[in-house]
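Q: Could you take a close look at the loops here, and at the side-chain pairings around them? I'd like one connected walk-through.

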Amino acid sequence: MEQQVTQFVQAILIASDPSQGSLHHQALEYISSIQQNASDTWKLALAVFVDATPDGARKHPTQARFYALRVLDDFFDNRFDGLDEDTFRTLQQTFLAYVQSEYTYGSAEASATFLRNKFSHTLTLFFLATYVDQWPTFFSDLFALMRPAESSSQAPFNPHVSLLFFHIVLEISGEVADQVIKSARQFNNDRHVRDARVRDAVRERDAARINEAVLTIVAAGADRMTRLRKGELASTSERDLPEAVEVVDWGIRTFGSYAGWVDINLTVTPTTVPLLFSLLSDPSLSIRLATSVALLRIVAKGLKEPSDKLQLIKVLSLGQVLAALEEKTREEQGSRGDEADEGEESYREALGRLLNMLGQELVKLTDDSPTEDIRSEATSLLQQTLPVMLHFMADEYDDTCSTIFPMLQTVLASYKRSRKVSADPIDDQKKGFLASLLAVILRKMKWDEDADLDDVDEDDRAAFELLRKDLRSFMDSVLSIDQDLVTDAVRRQALETLSAYSAGSSVKWTDAELAIYLIYIFGEINKSAGKGRAAFCQAPTLPKDKRKDINYLDYPLTTHGELIFALFESGIAAYPNQTVVMQLFETIARYSDFFKVRKQCIVPALEAMVDTRGLHNPKSSVRSRVFYLFHRFIKESRNEISLDLAGTLLEGIRDTLVIQVELAEIDPNEPQDPLTEATSTPDPQLYLFETVGTLISLFWKSTDQSAALLLSVVRPLLDELSLNLQAVEGASDILPIVKIHHVIMALGNVAKGFPDYPTPVPEGYTFPPLDVFRDVAEAILLSLDAMKVFRPVRDATRFAFARILATTGPEVTRFIPTLMANLLAHFEPTELVDFINFLNLLIHKLQQDIFDVLDQLIGPLNAHITEIMSQPVTGTDDAVSHNDTKRAYLTLLNNTLSSKLPGIFISDRNKDRFEALLQTMLQLAEDVSDPQSQRAAFTFLGRAANVWGHAPSNGSANGDAAGGSQGLPGFERFLYESVLPCAFRVLSSPELNIKDGQVLVVLHEIATLLQTIGKIRGQEAYEFFVSVFLPAQNWPPETAMEFTTNLRDMDAKQFRKYFSDFVRTSRSVS
C-alpha cells in the first residue's frame, strides 16, 4: 500500500508539471485510471488525503491530497444504495478522526484553505450516501467535535468545526433543495428519490438541532463581535474579530440555505427575528448581505394557507424595516457624493431584492386570497411598500433600480386586471402612485449627464437601451390603466423642456434628448390617434385624389402634431450635442406624415439633415445613419418636395456623392478573402445614391432637365469606373476592385430611386432618361467583361441590372444575352440561388422579351441543378444550400409557366429534355421530407396540366400557340399514368405527417391539381376516376362516385376542405 501511495503521489506531481515531457502524459493517464476506478482505489485516495507524519503534519503535498478528494468524490457521487459495512466504518472513523485532529485541535488546513471547501463537499457526498440508513448520528457526532467538554476558550464553539459544519449544511441544502443546481444537472430519478429521502430524514431527525446549533453559534458569534468592537472583550489576536465575523457570516448563510425547506416555525421565532434584524444593519457588509438573502428566502417560502403567509409578513414587519434602511442608505449615498462605494451599493441592491420579494408575495395575497379580510390587510401592507419601491427605482444606479422591476410588473398587472373587471375610475390612491411612478420612469429614462456618448462603451449603451426598453414596458402598462395620465405626463415633460430652450434657458443635453425621445415614442404611446395625416392634424378624412385641395393649415394639430411642431418652433435642431440632434433626425424620419400637414417644417428639417449636423458631419458613424434617415424621409415625402427644393438638395449633397472606400487591416491569421471582406458589408452611402435618383425623378415632366441632372450624377461615377478599371492589373489590386464594386452598386441605386417601369405602359406616360440608363448599362457590362473573374463585381452587376431593369423595362433587353454570358463565364456554386432569383426578376419584368435568352439557359441550368440535387448531402450547411437551390429552381420553373413562356420547355432546343424534367418533378412531388418543395412540384404539375393537358376539342380555349400552351398530344397519358398515381402514393405514404401545417398546404395543392385535370379533360377524366383509377386503388364504388362528384361539382375552396378532411379521415381509419 505504501508503495502504491508513493507512486500515486509522484504521478500527481508529474501530471501537474507539463515540462516533464512524455512522463507528463503517462502520469495523466495513470491518475485518470485511478479516478475512473474509484470503487477499487478509494482506500489509496483516502490514505493520501489523511496520512500524517509523527508530529501530526499532513504527509503528502496539497495538490496530491486535493486530487485524492476528487477520487473520493467520484466514489461517493451517484451512489444511491449505500456502502457495505466495512467500507462505511472505515470511511466514517477515518473522517471523524481527521476532523478531530485537523479541525478540533489543529489549524484546519491553514496552509491550504482551498482544501477546506473541497473536503466539506466530499464529506457532504458521503453524508448523502449514508445518512438515511447508515449514519443517522452524523450531526450528533459533528456536534460533539464542535464543543469538546474540556473546552475553556473564550469562544464557546470551536470556530474551525463550526465553519466546517456550516459548509456541510450549505452543501447539503444545495444538493437536496437548490433548484438552480438541480435544473443545471441532468435529471436522475434515483438521485431525485435519494434527495427527497434525505430532506425528509433531516426534517424529522435533525432539523431542530441543526437550526438550534446554527442560531446558537451565530448569536454567540454576534455577541463576541459586539464585545470585541466595544473593547469589552480583550483581544488575544488581531484575527479575533475577523474570525468572529467569518463565523457569523457563514452561519447566516447557512441559516438562509435551509430556511426555504425546513419548518417555518424553526426559522421564525421571537428569538430569530430580532437577531436577523440586528444583523441586517451590522457594520460588516458580508453579514448584512447574507442576512438579506436569509430574510428573502423566509419571505419567499411557500405556505399552504394565505393567512399563514400574511401572519409571517406581519411578524417580520419587513415593510417598516426596509423603509428605514432604504432612507438611511439613500442618505449615506447622498453624503458620499460622486465617490461610489460598490460594497454599500450592493447592500442597497440586496435591500431592493428583499423588498421586491415582499411586494410580490403581497400582490399574490391581494389577488389570490379567497378572504376579503386577508386581501384588505395585504393591500394595506402593499401600499406601505410602494413609496419605498419608488425610492429604489429612482436610485441612480441602474442595478439597484432594476431589483424591484418584477414587483412593479406584478403590481401593474394587478392594476390592469382590476381595470378590466371594473369600469369605475381608478381611485385617488392608485392614481397618485401611478403619477409618482411616471415621474420616476421619466427621470430614469434620461442618459447619465456625465456620459460621453461619443466614447461610450457598447455594453453600457446596450445596458441603457435595455433599461429604457423595460421602462417603456412599465409606461405601456400604466397606459393601459390610464392613457390620459401617460399622454399628459409625456406631453408636459416634452413641452416644458422645449419651451425652456426656446426661451433661452439653459437645458441639459440629457433633458433635451429625453424630450425628443418622448416625442419619438409618442406615436406608440397615443393608442387612440389616427393613421397617416390624421395622427397629426384634426382635418376631415378625404379620398386620396382630393387631398391636394385641402389646406391643412386651416385645421388644428393633434397633441402629437403639437409636439413635433414644437420641435421646430423651439429651434432644438441647433442644440450643440450630436446625440440630441440624432434623436431629432430619427423623429423626423419616423413621422414623415406630419410634414404633409405642416409643409413649412420640411425646409428646416432638411437643412439640419444636409449640413454639418447630418450628411456633412465629420464623423462617419453619424453620416452612415443620416444617409438612411435622409433617404427614408425623402422617399416618404417626395410628393411634398418642390422642384426648387429638390434642385437645391441635389446641389447641396453633390459633394457627398464621392465613393468612399476604407479597407480594413488584413489579418494574416484570418482565412477571409480581403476582397470579400471589403464588399460583404452593406455600404450606407448607397441610400444617398437612391435618394439622388428619387430627387431627379421629381423632374419627370421636363425630360431634358431630368436627363441632364441624371447625367451630372452618373458621369462622375462612370469616370471613376473607367479610372479604376485601368488601375487593376491583378487580383492583388484590392482598392480599385472594391471601388468598381461600389460604383456599380451606386449606379444601380440611382436607378432604384426612380419609379418602376409600368406594365402595361399608360397612355401619355413620360419615361425616365432611357438613353442615360442605356449608357450606364453598357458601361457596367464593359466593366463586367473586364472584371468577371471577381465575384463581388458579378454580384454588383446582377444587383445593378436588376435595378436598371425595374426602371427601364424592355429598353435594356438587348444587353441581357451579353450579361448572361459574362455572369456564367466564372460561375461559383454558391451564386446559383442568386442567379436563379435574377432570372425570376427578368421573367417578371420582360415576359416574352426574355424568351430567347431563357430558351438557351433553361436546358443547361436544368441539367446542372439536377446533378446538384443528385449529390449526397453532407452536413447542415450543405442541407440548407441544397434546399435553397431546389426551392429557387422550382420557383423559376413555375414562374416560367405562369408568365406565358411554357414554349421554352418544348422548343426545338429543349424538347428532348422535357420528359426528364417531368420525371424530376414527379420525384420532388413524392418527397414528403420537404413539404415546401413538394408543394412547388405539385404546383408545376398542375400548371403543366393546364398548359398541355387540354383535350383537342378545347385545346385553344386556354392556350397560346406562341407560348406553347396548346394541348400536347399524349400529355393526358402522362397525367393519368404518372401524375395521378404519384399524388395518391403521397396520400398513402406512412411518412406523411397529416398534422403538419405545411403538409396541409401540400394537400390543398394536390386537390387543386385533381380539379385542374378534371376541368381540362372533362367527362373523360371523371369517367377515368370512377371506372379505372379509383377502383384500381381498391375504393368502394359508392366512395369513388361521391369523391368524383365532389371533384366535379364543388368550387375550389370547398373541394380543398373536403379533400383534406377526406384524407385525414381515411388515414385515421387505416
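A: Gln-847 sits in the loop between α38 (832-846) and α39 (851-870). Keep in mind that this is a predicted model. The backbone of Gln-847 has phi near 50°, a positive value in a residue that isn't glycine. With a relative accessible area of 29%, Gln-847 comes out as partly exposed, since that label covers the range between under 20% for buried and over 50% for exposed.

Asn-78 shows a positive phi too, near 60°, and it is likewise a residue other than glycine. You'll find Asn-78 in the loop between α4 (62-76) and α5 (85-104). Its relative accessible area is 45%, so Asn-78 is partly exposed.

Another backbone detail to check is a cis peptide bond, running from Thr-759 to Pro-760 with omega near -5°. Pro-760 belongs to the loop between α34 (734-752) and α35 (770-787).

Now for Asp-482, in the loop between α23 and α24 (483-502). This one is buried because its relative accessible area is 12%. What does its side chain reach? It gets to the backbone nitrogen of Asp-484 at 3.4 Å, and a polar atom of the Asp-482 side chain also lies 3.2 Å from the backbone nitrogen of Leu-485.

At the other end of α23 (458-481), the loop that comes after α22 (428-444) holds Asp-452. Asp-452 is partly exposed, given its 44% relative accessibility. It helps form a negative surface patch together with Asp-455, Asp-457, Glu-458, Asp-459 and Asp-460.

A side chain to backbone contact turns up inside a helix as well. Thr-379 lies in α19 (residues 372-393), and its side chain reaches the backbone oxygen of Arg-375 at 2.7 Å. Thr-379 is partly exposed, with a relative accessible area of 33%. If you want a distance for scale, the C-alpha atoms of Thr-379 and Pro-682 are separated by 56 Å, with the two positions 303 residues apart along the chain.

On to the charged pairs. Side chains of opposite charge can pair when their charged atoms come close. The structure holds 67 salt bridges. One of them joins Arg-197 and Asp-133, with the closest N and O atoms 3.4 Å apart. That pair links distant parts of the chain: Arg-197 is in helix α10 (residues 189-205), while Asp-133 is in the loop between α6 (114-130) and α7 (138-146), 64 residues apart. Arg-197 counts as partly exposed at 40% relative accessibility, whereas Asp-133 counts as exposed at 60%.

The side chains of Lys-752 and Glu-690 also meet in a salt bridge, 3.7 Å from N to O. Lys-752 is in helix α34 and Glu-690 in helix α32 (residues 685-697), so this pair ties together parts that are 62 residues apart in sequence. Lys-752 is partly exposed, with a relative accessible area of 39%, but Glu-690 counts as buried at 5%.

Arg-194 and Asp-195 make another salt bridge, at 3.0 Å from N to O, and both of these residues are buried. Finally, there's a network of salt bridges that links Arg-791, Arg-794, Asp-795, Arg-798, Glu-828, Glu-831 and Asp-834.

Conventions. Residues are numbered from 1 along each chain as its sequence is written. This is a predicted model: local features need pLDDT of at least 70, side-chain atom pairs count only at pLDDT 80 or more; totals for chains, interfaces and linings use all residues. Side-chain values use heavy atoms; hydrogens and water are left out. Patches are made of residues with over 30% relative accessible area and no salt bridge: like charges are joined within 9 Å, nonpolar side chains (Val, Leu, Ile, Met, Phe, Trp, Tyr) within 5 Å. Accessible areas come from the Shrake-Rupley method with a 1.4 Å probe; for residues, only the protein chains shown count as cover. A salt bridge is a side-chain nitrogen of Lys or Arg within 4 Å of a carboxyl oxygen of Asp or Glu. Lys and Arg count as positive and Asp and Glu as negative; His and the chain ends are not counted. The place of a charge is taken as NZ of Lys, CZ of Arg, CG of Asp or CD of Glu. Helices (H or I, at least four residues) and strands (E, at least two) are DSSP runs, numbered from the N terminus. Buried means under 20% relative accessible area, exposed over 50%, partly exposed in between (1.4 Å probe, protein chains only). A polar contact is a pair of N or O atoms within 3.5 Å; within protein, one must be able to donate a hydrogen and the other to accept it, and residues adjacent in sequence count only if both atoms are side-chain atoms.
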